[in-house]
Amino acid sequence: MIGRSLGDSFAAQLSNTTQLSIQIESYINSALRLEFEGAKQVTDSGPAISINPLNSKNIAGYMMVEDVFNNPVMILKAAMDRDIYNHGYDTILFFIYIVFFGSLFFILTALYLLDSQVTSYCRCTGQSSGVRLSGDLADRVPVRGKDEISFLCNAIHEMLQSLEAADYRLRHSRDELEKLIEDRTAELVQVNLDLKHEITEHELGRKALSEAYNEIHLIISSISSIMIGVDNNGMVTLWNDVASKLLSLSSDDVVGLDFFDLPINWTPLF
């Protein structure tokens with residue numbers, strides 16, 4: 001078995017050879033252990049290597065060295081400058097600045113050309129802000145010239161006049177509709193009050209009729225003689241309890257039938 005001592009001198013030799021900051025420490029009671037455990041392992045690498053960005057300038061790689069029994073004994077740390085990352089970051093930042101300032105220049109140029117070539121023909125004299133704030137369609141923006149923009153502004157003015165007339169008609173129709181709704185609402189309220197009054201009177205009348213019927217029924221039931229009532233057609237309309245008892249016919253069986261067709265046996269009564 002052949003072995004080699006790994007220590008600070010070997011780490012310094014590797015640092016000079018690779019131009020990297022190499023650090024080798026024992027796995028037990030090592031400050032690098034916490035850094036190694038917090039590092040992210042590179043899955044596609046051959047040996048188990050983990051990396052950890054130290055800051056925006058440096059990055060470190062860690063590898064655990066095992067003994068013949070596969071037990072961790074040492075941690076190797078290699079730190080290097082993030083030159084490629086910083087160069088790519090500076091390139092992207094430069095590209096962003098170029099795009100931003102180029103876009104700003106293009107927008108400012110387009111606004112200048114639009115203002116000098118288009119909107120100057122229909123420039124407001126302060127009245128456009130008044131139209132926007134007041135909402136009065138009667139206000140107009142003065143138009144100068146006889147080119148296409150002027151014709152367009154005149155067409156817009158005519159459209160505003162049409163909108164103003166339509167708005168007036170709409171407001172007038174709305175006022176009439178609100179008045180009509182108010183009148184119909186008042187009528188419905190009055191009808192509702194009348195209906196409630198009629199319902200109350202109907203309930204009182206029905207209650208009085210029920211009380212009168214119960215009172216009449218009580219009086220009829222208290223009479224000890226037979227009481228039978230018929231209408232003009234001979235149909236039974238009244239049949240008291242005494243008649244039901246003596247004639248062996250209940251009121252439910254005879255009310256509504258022809259009295260002369262009833263099977264009444266009058267013999268036991270005489």
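**From one asparagine to the whole chain**

N86 touches S56 and K57, leaving aside residues up to four places away in sequence. This contact belongs to a predicted model, and it is a convenient place to begin. N86 itself sits in helix α3, which covers residues 83–117. Is N86 buried or exposed? Its relative accessibility is 18%, and the cut-off for buried is under 20%, so N86 counts as buried.

A step back shows the chain as a whole. The protein chain holds 7 helices and 7 strands. Followed along the sequence, these elements come in the pattern α-β-α-β-β-β-β-α-α-α-β-β-α-α. Of the 270 residues in the protein chain, 15% are buried. Among contacts with a separation of 6 or more, 29% are between residues 24 or more positions apart.

Next comes the sheet. Strands of a sheet pair through backbone hydrogen bonds, and the pairing can be parallel or antiparallel. In this model, 5 strands form an open sheet in the order β1-β5-β4-β3-β2, and the pairing is antiparallel. Why do β1 and β2 each have one side without a neighbour in the sheet? Both β1 (21–26) and β2 (40–42) stand at the edges and have a single partner strand each, so one side of each is left without a neighbour there. On average, neighbouring strands of this sheet are turned by 30° against each other, with direction ignored.

The pairs can be taken one at a time, starting from the edge at β2. Strand β2 is joined by 3 bridges to β3, which spans residues 49–53, and the two run antiparallel. Within this pair, Q41 has S50 in β3 as its bridge partner. Strand β3 is in turn joined to β4 by 5 bridges, again in the antiparallel sense. Here I51 stands opposite G61 in β4. β3 and β4 form a hairpin, with 4 residues between them. Further along the sheet, β4 (residues 58–66) pairs with β5 (residues 72–81) over 9 bridges, also antiparallel. One of the matched positions is I59, whose bridge partner in β5 is M80.

Another part of the chain holds the largest pocket. What is its volume? The largest pocket measures about 250 Å³ by volume. Its lining consists of 13 residues, and those nearest the centre are Y213, H217, L238, W239 and S251. Several elements contribute: α5 (148–222), β7 (236–239), α6 (241–247) and α7 (251–254) each supply at least two lining residues. The largest share, 5 residues, comes from α5. Sorted by class, the lining of this pocket has 6 nonpolar, 5 polar and 2 charged residues.

The last stop is S248, which is placed in the loop between α6 and α7. Those two helices were met above as contributors to the pocket lining. Most residues other than glycine have a negative phi. The phi of S248, however, is positive, near 60°, in a residue that is not glycine. S248 has a relative accessibility of 62%; the cut-off for exposed is over 50%, so S248 counts as exposed. The walk thus began at N86, which counts as buried, and ends at S248, which counts as exposed.

How values were computed: Residues numbered from 1 in each chain as written. Predicted model: local features only at pLDDT ≥ 70, side-chain atom pairs only at ≥ 80, totals over all residues. Heavy atoms only, no water. Pairing = 2+ DSSP bridges. Axes fitted to C-alpha atoms, helices over the stretch in contact; angles between N-to-C directions. Buried < 20%, exposed > 50% of the residue type's maximum accessible area, 1.4 Å probe, protein only. Contact = heavy atoms within 4.5 Å. 1 Å grid on protein atoms, 1.4 Å probe; cavity = no way out; pocket = protein on both sides within 12 Å on 5 of 7 lines; lining within 4 Å. Points joined across faces, edges and corners; volume = space filled by probe spheres on them. Nonpolar A, V, L, I, M, F, W, Y, C, P; charged D, E, K, R; others polar.
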